[in-house]
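Good morning, and thank you for joining this session. Please take a moment with the sequence and the model before we go through the main points together.

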Amino acid sequence: MEKADNTTDSEAAGDAEKKLRRVESSEVGVETGTEAMEPDHDIAELTRDMFTKMTAYIRGDLAATAEDYKLLEDMNRLTSKKYEDMKQMAVAIERDMKNLDEKYKNLEPYLAQVDQIEESVLSLEQAALRLDAYARRLEAKFKHLEKR
């Protein structure tokens with residue numbers, strides 16, 4: 001039992017020495033090795049709070065990124081639809097252009113005839129003008145001969 005009393009006395013002396021070191025070190029602001037190893041409930045609570053807040057921040061950041069990707073997906077879908085509409089419009093325009101080209105080729109002989117008729121009308125008009133001029137000269141000569 002005496003040995004047990006010695007350990008109790010030595011433990012009490014050790015505890016007193018630890019308290020003395022704490023007081024001395026707290027005055028200086030430095031923790032001893034034993035104090036640093038003791039769990040501090042405030043630090044654990046602050047750490048949990050930090051992890052909770054970091055989790056909320058990361059979740060918010062991931063949610064914002066997911067919303068950005070949804071927006072990009074919607075924009076891509078709309079752009080794809082717009083290009084599909086433009087493609088259909090281009091196909092329709094191409095089809096209409098082919099139809100117009102075919103109709104123009106069918107009208108080409110008639111247009112050539114119109115050009116020929118126009119040339120004939122111009123030459124006929126020139127002939128009519130020359131004939132009119134000749135008729136005036138002839139009339140003038142006839143009036144001149146009648147006066148004699």
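Tyr57 has a relative accessibility of 55%, and because the threshold for an exposed residue is over 50%, Tyr57 counts as exposed. I should state at once that we are looking at a predicted model. Tyr57 belongs to helix α3, which covers residues 41-147. Which residues join Tyr57 in making a nonpolar surface patch? They are Met50, Phe51, Met54, Ile58 and Leu62, and the patch comes to about 650 Å².

Let me now place this in the chain as a whole. The secondary structure consists of three helices and zero strands. Read from the N terminus, the order of elements is α-α-α. How much of the chain is buried? Of the 148 residues, 2% are buried. The chain exposes about 14,200 Å², and carbon and sulfur atoms supply 60% of that area.

I turn next to the charged side chains. In general terms, side chains of opposite charge can pair when their charged atoms come close. The structure holds 10 salt bridges, and I shall go through three of them.

One links Asp49 with Lys53, where the closest N and O atoms are 3.3 Å apart. Both of these residues sit in helix α3, with a spacing of four residues, about one turn of the helix. Are the two partners buried or exposed? Asp49 has a relative accessible area of 33%, so Asp49 is classed as partly exposed. Lys53, at 54% relative accessibility, counts as exposed.

Another salt bridge joins the side chains of Glu73 and Arg77, at 3.2 Å from N to O. Here too the partners are in helix α3 and four residues apart, about one turn of the helix. Glu73 is partly exposed at 46% relative accessibility, and Arg77 is likewise partly exposed, with a relative accessible area of 48%. Which residues form a network of salt bridges? Glu73 and Arg77 are linked in such a network together with Asp74.

The remaining example is Glu94 with Lys98, whose closest N and O atoms are 3.7 Å apart. Why are Glu94 and Lys98 separated by about one helical turn? The reason is that they are four residues apart in helix α3. Glu94 is partly exposed, with a relative accessible area of 45%, while Lys98 is exposed at 54%.

Finally, a word on confidence. The chain averages a pLDDT of 84, and 74% of the residues score at least 70. Which element has the lowest mean pLDDT, and which the highest? Helix α1, residues 2-28, has the lowest mean, at 53, whereas α3 has the highest, at 95. The Tyr57 that we began with lies in helix α3, as do Asp49 and Lys53.

Two stretches call for caution. Over residues 1-7, pLDDT stays under 50, and the model has zero contacts for them beyond four places in sequence. Over residues 23-28, pLDDT also stays under 50, and here the model has three contacts beyond four places in sequence. Where pLDDT is low, the predicted coordinates should not be read in detail.

To summarise, the model has three helices and zero strands, 2% of its residues are buried, and it holds 10 salt bridges. Thank you for your attention.

Methods:
Residues are numbered from 1 along each chain as its sequence is written. This is a predicted model: local features need pLDDT of at least 70, side-chain atom pairs count only at pLDDT 80 or more; totals for chains, interfaces and linings use all residues. Side-chain values use heavy atoms; hydrogens and water are left out. Patches are made of residues with over 30% relative accessible area and no salt bridge: like charges are joined within 9 Å, nonpolar side chains (Val, Leu, Ile, Met, Phe, Trp, Tyr) within 5 Å. Accessible areas come from the Shrake-Rupley method with a 1.4 Å probe; for residues, only the protein chains shown count as cover. A salt bridge is a side-chain nitrogen of Lys or Arg within 4 Å of a carboxyl oxygen of Asp or Glu. Helices (H or I, at least four residues) and strands (E, at least two) are DSSP runs, numbered from the N terminus. Buried means under 20% relative accessible area, exposed over 50%, partly exposed in between (1.4 Å probe, protein chains only). pLDDT is the predictor's confidence in each residue, from 0 to 100. Contact means heavy atoms within 4.5 Å.
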